[in-house]
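Colleague: I am new to reading protein models, and I would love a close look at one small part of this one. Could you take me through a group of aromatic rings, step by step?

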Amino acid sequence: MVSFRDIILWRDIKVTTIVFVSGFVFLVCLTQFSLLTVLSTTSMIALVPMLVLRLLFSARSAFWKTEFKHPLHSYLNKDINVSKDKADDIGEKAASYFAHYAVCARNLFLVADLADSVKLLIVLYFLSYIASWFSGITITFMAFIGLFTIPKIYDMYKPEINKAMETIRKAIDDLLDKINAAVPVGKPSKDDKKSNGDEKDKSA
């Protein structure tokens, strides 16, 4: 079975092409029609051929007076139920992810770490700047195309991109270190810790 990673990395050209073209056509339709119209029309396009196929096989069975056998019985009989253990495992993972991201959001918005909150502020400002220039559907188009191009480019030029990103990361870390040094974050200094320790020794 082709995984999501294989699809976005174009490991199977045929499958990726089908997924990409289908998604692109769906987004183009959304620019002209409402979401409900697109979903209902797409569902009808998928249902009508199956209905015609079922009627043809039923007519053939009636004409030849043979036992009817559904043309897609192999798919209808396929077990798609999720076992209790697997459902519990999925639930535990979902709860774990939710708790992790909830803690991250709390730390970011309550400024537990100044550097991380400043990074979030920069990202939010950048997103608001993009939103002022592009509509929601345009951003969706860009994100969809980027999903099928950026991972592939990164996979092809991973060493060069990692080297450039490391340089950028070091520059950002240096800038944030300067900000942390200039802005007090409420952490006790070494001298304060040492003086507090001396006072405790004297009182003892």
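Modeller: Happy to; what follows is a walk through one aromatic cluster and its surroundings. Please keep in mind that this is a predicted model.

Let us begin with the overall count: the structure holds nine aromatic pairs. One of them joins Phe-20 and Phe-24, whose ring centres are 6.1 Å apart with planes at 25°, so this pair is stacked; planes under 30 degrees apart count as stacked. Both residues sit in helix α2, which runs over residues 13-32, and they are four residues apart, about one turn of the helix. Why does that spacing matter? An α-helix has 3.6 residues a turn, so residues three or four places apart point the same way.

How accessible are these two side chains? Phe-20 has 22% relative accessibility and therefore counts as partly exposed. Phe-24, at 31%, is partly exposed as well, since that class covers values from 20% to 50%.

Now follow Phe-24 across to another helix. Its ring also pairs with that of Phe-141: the centres are 5.5 Å apart and the planes stand at 70°, so this pair is edge-to-face. Phe-24 belongs to helix α2 and Phe-141 to helix α7 (residues 136-156), so the pair ties together parts that are 117 residues apart in sequence. Phe-141 itself is buried, because its relative accessible area is 17% and buried means under 20%.

Stepping back, we can see the whole group. Trp-10, Phe-20, Phe-24, Phe-141, Phe-144 and Phe-148 form one aromatic cluster.

Another residue of helix α2 touches members of this cluster. Thr-16 lies in that helix, and its 0% relative accessibility means that Thr-16 counts as buried. Leaving aside neighbours within four places in sequence, Thr-16 is in contact with Asp-6, Ile-7, Trp-10, Arg-11 and Phe-148.

Finally, a record adds some context. An unreviewed UniProt entry annotates residues 12-33, 39-57 and 133-154 as "transmembrane region". In the model, residues 12-33 are 91% helix and 0% strand, with the end C-alpha atoms 31 Å apart. For residues 39-57, the chain is 100% helix and 0% strand, and the end C-alpha atoms are 28 Å apart.

Conventions:
Residues numbered from 1 in each chain as written. Predicted model: local features only at pLDDT ≥ 70, side-chain atom pairs only at ≥ 80, totals over all residues. Heavy atoms only, no water. UniProt positions renumbered as here; feature names shortened; annotations may be inferred. Helix = DSSP H or I, 4+ residues; strand = E, 2+ residues; numbered from the N terminus. Phe/Tyr/Trp six-rings, centres within 6.5 Å; stacked < 30°, edge-to-face > 60°. Buried < 20%, exposed > 50% of the residue type's maximum accessible area, 1.4 Å probe, protein only. Contact = heavy atoms within 4.5 Å.
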